[in-house]
Amino acid sequence: MGIAVRPLGDAVGAEISGVDIARLGDDDFAAVERAWHTHSMILLRGQTLGGDDLLAFSRRFGELDPPPNQERGRISPPGYPEIYVVSNVLDKNGDPIGALGAGEAVWHTDMSYLDTPPDASMLYALEIPPEGGDTWFCGMQAACEALPADLARRLEGRRIKHDGTYNSGGYLRKGVTPTDDPMAAPGAWHPAILRHPANGRATLYFGRRRNSYVEGLSRADSDALLEDLWAHVTQPQFVYRHVWRVGDLVMWDNRSTMHRRDPFDGAARRIMHRTQIKGGAKPVAFAA
Ligand code: SIN
């Protein structure tokens, strides 16, 4: 059976079928990469991947970034320091085997508190709860192209401060001093509207809402603008909801998507392995 690409929505996402990631020839890999550039998020179901398979597939897209510093630092499966575990499961000592627990993870793009954030991330589902824990993706290129004129004018030429204090689960990153002052918070400044290096399209780039700040505005004006922008980008027409099955591999472009996760029953088990592809360059502003 040949490879097939089926869009999952108008703004973001495509499912690719007919592919076994662990045995992927160069032509099929090129088709997967094209689909990723076109749809910003790809889903490949029914994969059976060990740590080496996940790393080998990830490395076909570029050098890997180390995992993010989360609430308990960087937790990886033994022998795989480039894989980051997202899980609520506890080990025999009662310590979490991964990050983010069972709560909601709010909308964000990965590691944008760095000057050069990872271009992409992958998440591979090993165990999933019977319900909950769905992951939602938002297409920031479609949202950018549909930006109302008033919002575009208020945002024009601005940069946004991306916070590195808290992760998407609301947890303080290990070793970081708590603050809700965007100017005191560790993080990075990025243009609010980027030029996507692969397809040249404009894309909104927001990071996380908490401790976010629009350069050159009062805190009140910045918060008002951010509220309007976040309400715009998270409208249903820009969003795809992913209901996981074991063996799903999802890859997303951090420059042109955001994602969030629903909470789930903490008594159920959810184990995901994630990798992140190093950024090729610092984000660059879109010049119309
Ligand atoms: C993440 O934000 O990387 C994790 C998303 C999820 O657990 O579905």
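**A tour of the cysteines and the ligand site**

The disulfide count is zero, a disulfide being a pair of cysteine sulfur atoms within 2.5 Å. Select Cys138: this residue is in no disulfide, and the nearest cysteine sulfur, that of Cys144, is 11 Å away. Cys138 has 0% relative accessibility and therefore counts as buried, a class defined as under 20% relative accessible area with a 1.4 Å probe and protein chains only. Move next to Cys144, which likewise belongs to no disulfide, its nearest cysteine sulfur being that of Cys138 at 11 Å. Cys144 counts as buried because its relative accessibility is 11%.

The model is predicted: local features need pLDDT of at least 70, side-chain atom pairs count only at pLDDT 80 or more, and totals for chains, interfaces and linings use all residues. Residues are numbered from 1 along each chain as its sequence is written, and side-chain values use heavy atoms, with hydrogens and water left out.

Now select the ligand and display the residues around it, those with a heavy atom within 4 Å. They are Val86, Leu100, His108, Leu123, Thr135, His259, Arg261, Arg270 and Arg274. Coloured by class, this shell shows three nonpolar, three polar and three charged residues.

Which side chains place a polar atom beside an oxygen atom of the ligand? Begin with Thr135, where a polar side-chain atom is 2.5 Å from a ligand oxygen. At His108, the corresponding distance from a polar side-chain atom to a ligand oxygen is 3.1 Å. Continue to Arg261, whose side chain has an N or O atom 3.3 Å from an oxygen atom of the ligand. With a surface displayed, note that the protein covers 99% of the 260 Å² of accessible area that the ligand has on its own.

Methods: Buried < 20%, exposed > 50% of the residue type's maximum accessible area, 1.4 Å probe, protein only. Polar contact = N/O pair within 3.5 Å; in protein donor to acceptor, adjacent residues only side chain to side chain. Areas by Shrake-Rupley, 256 points an atom, 1.4 Å probe, with all protein chains shown as cover. Nonpolar A, V, L, I, M, F, W, Y, C, P; charged D, E, K, R; others polar.
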